[in-house]
Amino acid sequence: MGSKRIDSRRFWKLIALSGAIVVAVMLAMPLVGAVKIDLARVLAGQSPDYELMVELRLPRVLLALLAGGGLALAGALFQGLLRDALATPYTLGVSSGASLGAVTAICFGWREAGHMPAVWLGAFCGAGLVLFLVLGIAGRERRMSTFTLLLAGVAMNSVCGALIQFLHSMAGLAQSFSISRWLMGGIDSVDYGTLAWLSVLVLGSSAAVMWRWRDWNLMAGGEEWAAARGVSIGRVVFTGYVAGSLLTGAITAVTGPIGFVGLIIPHALRLRIGADHRLLLPCSFLVGAAFLALCDGLGRVVLAPAEVPVGIVTSILGGPFFIWLLRSRSRSVRI
Amino acid sequence: MTPAFELAGVGMRYNGTDVLDGINLRLDSGLLAAIVGPNGAGKSTLLGIMAGLRDEYRGNCRFRGTELRKWRRRDYARKVSFVPQSVTMEFPFTAEQVVLMGRAPFSAGLFETETDYAAAHEAMQLTGSLPFRDRDFRSLSGGERQRVILASALAQSPEALLLDEPTTYLDLQHQVALYRVLRTLRDRGVLVVTVTHDLNLAAGYADRVVVLSAGEVAADGPPSEALRPECIARIFEVEVGLTRTPSGRPWIVYGE
């Protein structure tokens, strides 16, 4: 292993590289789909290319970028916070709560609440409920620790999972299909208003997480190690859990649970750039964003006009890629 | 001068049992003190309280005149560093990155300063951990890790250094090297407090030995006073003899 020192030159080089990948994906992916779009007609505002691009493709790509970035960042955060290499954004129960809320809305045939789809609202309420329950259970200790957080999160996962299965078993055929489809996760076109509030939540939470990069580094050595170096464990665990849960809950409510991004992206990056969270977190966000948008683009074209759910694409592409990465580790070139 | 640590009536209850009771200690700067005692005597608990890791103690525990609970954690970490018995890193941090973690209480920006690198370099030089600074911490042997952990604590530039069984994974050569480093720090005015099971290392290097038994101070003084054979026999329930090293330090002998 060569020196993994992070000076400003190496830091900004890697951020610029990751950013360039995101920009390339953001420019290319809206052009990918079952129907070919003529860029000249889009720029001239001519139908239907303009509507296809502005109302369908572009918001979909932007949603994929936000969701991929947020999930990869939440994965890196929870792995660091829990000192568990297999932690994912879904380990601490919030997404199960979101799924339970969404499944309940589908099961009871609720369509819209206020100006929001009932499935989203149900998912938000479910995520919020689990967030407060887990905080309530873990907060009963004198000082919130990652251990009690993990136990409370796993317990909530289990309860929500059982309730989802129960509701699924009681649902009619059409509802059952909707539930299965929702649980696969997927990126759809959304309006710009939704993208705006999701951006505020995702970017705000991500900034809060990245700001505390030093604390996540110290947590890698355990709570005592971090506390002896000035970290207020209770406050940091609380901040990490709430920020990660906001990210995961908000994204899951809109897209459903999308697997693998939160696990594979931080791991792949750690193999290449090291474990330091000051670089790992922003790079996870950027590469995760590009990865999910790329997977969604592929899902649109491989079986066009049918679409493959993006969660399936991430797993099929991500698994072999990760194995290749592990095998090539010994002859890796440091970036 | 205000003593580094001043403990008055310090106690701790755990699951309904007193693991520490009525501890009174005054520890000044420029002292190398060893805390010894049988298993379960409360040594690590006492060190944990002093490190600011357990604030549920009763009585008073002050550092530089201020109760530990009133210190801001980051400010305290600039004054007192703690070396746990062992540390596992979950992710691939290099030895140098682990040492640089000791600079966290002083850091504010996105990148380490020249001062941070200089402190880390000096700490690694002092502990002999420079040769493996670029290696993954997880790939190091137990002894190498221990030296990196010590270097990380030294990089904190502490006024007081607290160590919990620092020689557990070290061979004889590195045990001696470690205590020499501790003596160097003591000579620079640092208060060094180490919990150890090795009575002869305590006798050979410490200025003062505190013997704990069942959560209370059973003896406290220079090694020749605190480690008298009858005291050791009573506390550890082992018959021992006492001889002297060539430099006149006490040396405890036992065996059948």
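Reply: One definition before we start: helices (H or I, at least four residues) and strands (E, at least two) are DSSP runs, numbered from the N terminus. Keep in mind too that this is a predicted model.

Me: Okay, let's use that. Where does Phe260(A) lie?

Reply: Phe260(A) is in the loop between H11 and H12 of chain A.

Me: And what should I look for in its backbone, for instance phi of Phe260(A)?

Reply: The general idea first: most residues other than glycine have a negative phi, and most peptide bonds are trans. Phe260(A) has a phi near 80°, a positive value in a residue that isn't glycine. Over in chain B, Glu237(B) also isn't a glycine, and its phi is positive at about 55°. You'll find Glu237(B) in the loop between helix H9 (229-236) and strand S11 (241-244) of chain B.

Me: Are those two buried or exposed, Phe260(A) and Glu237(B)?

Reply: Count neighbours: 20 or more other C-beta atoms within 10 Å means buried, and 12 or fewer means exposed. Phe260(A) has 23 C-beta neighbours inside 10 Å, so it counts as buried. Glu237(B) has 8, so it counts as exposed.

Me: What about a residue in between? How does Ile37(A) count?

Reply: Ile37(A) has 17 C-beta neighbours inside 10 Å, so it is partly exposed. Look for it in the loop between helix H1 (8-28) and helix H2 (39-43) of chain A. Leaving out residues up to four places away in sequence, Ile37(A) touches Leu31(A), Val42(A), Asp49(A), Leu52(A) and Met53(A).

Me: You mentioned peptide bonds. Which kind joins Ser47(A) and Pro48(A)?

Reply: That one is cis, with omega about -5°. Pro48(A) sits in the loop between H2 and H3 of chain A.

Me: Now helices. How do I read a packed pair?

Reply: Two packed helices are described by the angle between their axes and the distance between the axes. Try helix H8 (residues 192-211) and helix H11 (residues 233-255), both of chain A: their axes come within 9 Å and cross at roughly 155°. That angle makes H8(A) roughly antiparallel to H11(A), and the crossing is left-handed. Residues making the contact include Leu198(A) and Leu201(A) of H8(A), along with Ala243(A) and Leu247(A) of H11(A). Sorted by class, this contact has 11 nonpolar, 5 polar and no charged residues.

Me: And how do H3(A) and H12(A) cross?

Reply: The axes of H3(A) and helix H12 (residues 261-273) of chain A come within 7 Å and cross at roughly 70°. The two helices are therefore roughly perpendicular to each other. Among the residues that meet are Gly68(A) and Leu71(A) in H3(A), and Gly262(A) and Pro266(A) in H12(A). The contact divides into 8 nonpolar, 4 polar and no charged residues.

Me: Which residues touch the most other members of the largest nonpolar core?

Reply: Ala293(A), Ile35(B), Val99(B) and Leu162(B), in a core of 176 residues. Helix H3 (residues 49-82) of chain A brings the largest share of this core, 16 residues. Residues up to four places away in sequence aside, Ala293(A) touches Val25(A), Met29(A), Val61(A), Ala64(A), Leu65(A) and Gly68(A).

Me: Last one: how many residues does each chain give to the contact between A and B?

Reply: Chain B gives 27 and chain A gives 28. On the chain B side, helix H2 (73-77) and strand S6 (80-83) each supply at least two residues, and H2(B) gives the most, with 3. By class, that side has 15 nonpolar, 5 polar and 7 charged residues.

How values were computed. Residues numbered from 1 in each chain as written. Chains lettered and ligands numbered in written order. Predicted model: local features only at pLDDT ≥ 70, side-chain atom pairs only at ≥ 80, totals over all residues. Contact = placed C-beta atoms within 7 Å. Nonpolar A, V, L, I, M, F, W, Y, C, P; charged D, E, K, R; others polar. Axes fitted to C-alpha atoms, helices over the stretch in contact; angles between N-to-C directions. Parallel < 35°, antiparallel > 145°, perpendicular 65-115°, else oblique. Left-handed = near helix turned anticlockwise from the far one by under 90°. Core = buried A, V, L, I, M, F, W, Y, C linked by C-beta atoms within 7 Å.
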